[in-house]
Amino acid sequence: MNGYTAMVASGKRTKPRSGIAGAVGSAIPHESSEKHVSGEAIYTDDIPEPKGLLQLAVGMSSKAHARISSIDLGAVRAAPGVIDVMIADDIPGDNNCGPVIADDPVLAPGLVQYVGQAVFAVAAITVEQARKAAQLGLIEYEELEPILDARKAVAAGSFVLPSASIKRGDSTGAIASAAHRLKGSVSLGGQDHFYLEGQVAMAMPAEDGDLFVYSSTQHPGEIQQLVAAAIGRESKDVVVECRRMGGAFGGKESQPALIACIAGLMAQKTGRPCKLRLDRDDDMIMTGKRHDFEIDYDVGFADNGRIEGIEFMFASRCGMSADLSGAINDRTMFHCDNAYFLENVTIVSHRCKTNTVSNTAFRGFGGPQGMFGIECVIDDIARHLGKDPLDVRRENFYGIGERDTTHYLQTVDDNVIHEIVDDLEKSSDYRRRVDEIRQFNQAHELLKRGIALTPVKFGISFTATHLNQAGALLHIYADGTVHLNHGGTEMGQGLFTKVAQVVAEELQIDIDRIKITASDTSKVPNASATAASSGSDLNGKAAQAAARTIKRRLIKFAAKHYAVAEDEVVFENNEVQIGAKRVAFQELVHQAWFARTSLSATGFYSTPQINYDRSTFSGRPFFYYAYGAAVAEVIIDTLTGEHRVLRVDILHDCGKSLNPAIDMGQIEGGFIQGVGWLTSEELWWNADGELKTHAPSTYKIPTCSDLPVDFRVRLLESAANREDTIHRSKAVGEPPLMLSLSVFHALRDAVASVGSNNRTPVLRAPATPESVLDAVSEQQAAS
């Protein structure tokens, strides 16, 4: 029985909060679920192509770091079907697709900084013609010395942004005076987004030199701004639309700008519609990944395992440009406490410039890497002291009413981690299983099992305060049906479904009366990216505000029309009670329209209470925290390094869930994606800076067969969100990914059993079979 089946069978959280179909709290399917499985869902590449459309391809750099001596595109221009070619000099506006700093050119202007960087673009009649022609460019280079990894970048002082630090208390003194001290280093790999739908954009010329752009993007507003700047126009001249994405995970927050800018520039240059769709190999080579990290630590701790002082060094490989690395690395610094109180702490963060593709947003946005660091420290402390890691974790948890201030000076006033871990420890039968696994390992030489329980505390909000805003547009038509639009984007996570449920709940109408429409910059302007797990929080509140505006107008009309007090007008179950009279919702709407009542409204929301001073790394960057915990049990083969996840128990805090079915899917999917990051998804560059794992033949994401044999997932039932979020729900997009840390530490536990459990195994992440086998061999040699 999987988690969703168990949830439905128990009857928990499946009862809607009102009698309408699709009310808030209903476990209804994703609004496009049937289209997804039938193939009827329309993605950007499925939109009917207009007459005269040109297909595009990109000519890429074959060098990691070089000056371009010459470019000969004669053979490209002469190739069959080619209509036009574009280089950097042809760009009329800004040659930039960087989201924060203008350091990421659309087309290389004479210097290439990673293998795969766009140098020129080709427009042809067919996709095949464009891609074949792109291979014919003759580029001569003057090669320069590349920097390919973070430690070499630190040694060379090569950074995309200045290094940052946080210091609270006296970490040096506390470490020196502690009863125990450990130093260590860990390496953590990156991760490709591997969305099912690749990067794609289609740009169509319009009147007055304007452009209409279809883009598979989490941030239509940013695409609008960057395309407009590239073609030398203004935001008012470009409209960007996205109905849905076939997955994104952060990889379509900033990365689609390059694709859309090339499509927009070529559409302007040729005067014809243009579409650029990358194939899988080019997509993986050209676009950024999750940041890989080198992490050093120095920690002092007491006999019971309580951390008294700690110093971290985080060095991330950012790639050739800043992209979103500033905010990502800041969040790493914020989350290197996870659920633990660090009284005396120093954190140094290096944002390393390397001659590799610019790394970017990925589910968790730097938080997972920070949590990985502290969880390794906790595990090392426990093994040094001969204690169960869970006991050391408990000793260091944030307190309630004490030991409750983070290193960035935000008070943790919604702490439920003790409750979650208490529940999960008992429900998973953790202690008995630990003993059973120890006995198994003593009896088996070749197969070893391991177990770990790890917590999650994840801050919810954009750390860039100005991004915590959203808008919505709502129309009610004279027949009582509703048109809903908001600034969020749908990438399969169920945002559109949840926001429609919010509107249905507010107006008390069945959800099938609501038409969900594509994200569109001409309808809702200046929208933030759908990211930071804030989509439902922000857009749900904005849509609710719009619905309430129209609802107030309808109440005012009904009170006047039927001569009753406004508090006698109540919306309920597709009807409106007006004094002693009850009328259908659509009847009241038609009457209001006939009486010339406005039935259209915008809604706006900005997250309250947050404030943050980056110059001091202090304040309240997060509106609230989401919590969870997981217990993972694994088994490894010490001869091959192969491993299997046997059982996983998860308890996760979603507040009062807007849609338990969707939330359960996010928890399960996020966890499995995290397991891929930490166990199988290995990115490998050769000495020339070429990514060699750029297809599913060499880059291994989890499949159905990698699911835990026994997978138990529950939602925390005890409490609503303490903060005034939309219906007291909590974000669920990113936090579950970090629950996968339990699998990595269970593997560590299994490897440790090869020798002495008190010895910390050296296990690289991702813990591929090769990595596990190396760790086993090292453990055997040390024993």
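Visitor: Into which domains is the chain divided?
Guide: Happy to show you around! The bounds come from an automatic or database domain assignment. The chain is divided into domain 1 (45-145 + 193-286), domain 2 (293-463 + 614-782) and domain 3 (469-606).

Visitor: What kind of model is this, and how are residues numbered?
Guide: This is a predicted model, in which local features need pLDDT of at least 70 and side-chain atom pairs count only at pLDDT 80 or more, while totals for chains, interfaces and linings use all residues. Side-chain values use heavy atoms, leaving out hydrogens and water, and residues are numbered from 1 along each chain as its sequence is written.

Visitor: How much area do domain 2 and domain 3 bury between them?
Guide: Their C-alpha centres lie 40 Å apart. Contact, meaning heavy atoms within 4.5 Å, joins 21 residues of domain 2 with 20 residues of domain 3. Buried area is the accessible area (1.4 Å probe) that two parts lose on being put together, summed over both. Of the area here, 58% is on carbon and sulfur atoms, and the total is about 1,500 Å².

Visitor: Which three residues supply 40% of the area that domain 2 buries against domain 3?
Guide: No other three residues give more of domain 2's share. They are Phe462, Leu658 and Ile726.

Visitor: How many salt bridges does the rule find across the interface of domain 2 and domain 3?
Guide: A salt bridge is a side-chain nitrogen of Lys or Arg within 4 Å of a carboxyl oxygen of Asp or Glu. Lys541 and Asp724 fit that rule, with N to O at 3.4 Å. Across this interface, the count is two.

Visitor: Which element gives the most to the side of domain 2 that touches domain 3?
Guide: Helices (H or I, at least four residues) and strands (E, at least two) are DSSP runs, numbered from the N terminus. Two elements give two or more residues to this side, β16 (447-460) and α18 (660-679). With three residues, the top giver is α18.

Visitor: Why is the pair of Phe334 and Phe617 edge-to-face?
Guide: Rings of Phe, Tyr and Trp (its six-membered ring) pair if their centres lie within 6.5 Å; planes under 30 degrees apart count as stacked, over 60 as edge-to-face and the rest as tilted. The structure holds 18 aromatic pairs. In this one the centres are 6.2 Å apart, and the reason for the label is the angle of the planes, 65°.

Visitor: How many residues apart in sequence are the parts that Arg317 and Asp292 tie together?
Guide: These two form a salt bridge, with their closest N and O atoms 3.1 Å apart. Arg317 lies in strand β14 (residues 307-319) and Asp292 in the loop between α9 (280-286) and β13 (293-301), so the parts tied together are separated in sequence by 25 residues.

Visitor: Which peptide bond is cis, with omega near 10°?
Guide: Look in the loop between α19 (741-752) and α20 (769-782), where Pro766 is found. The cis bond runs from Ala765 to Pro766.
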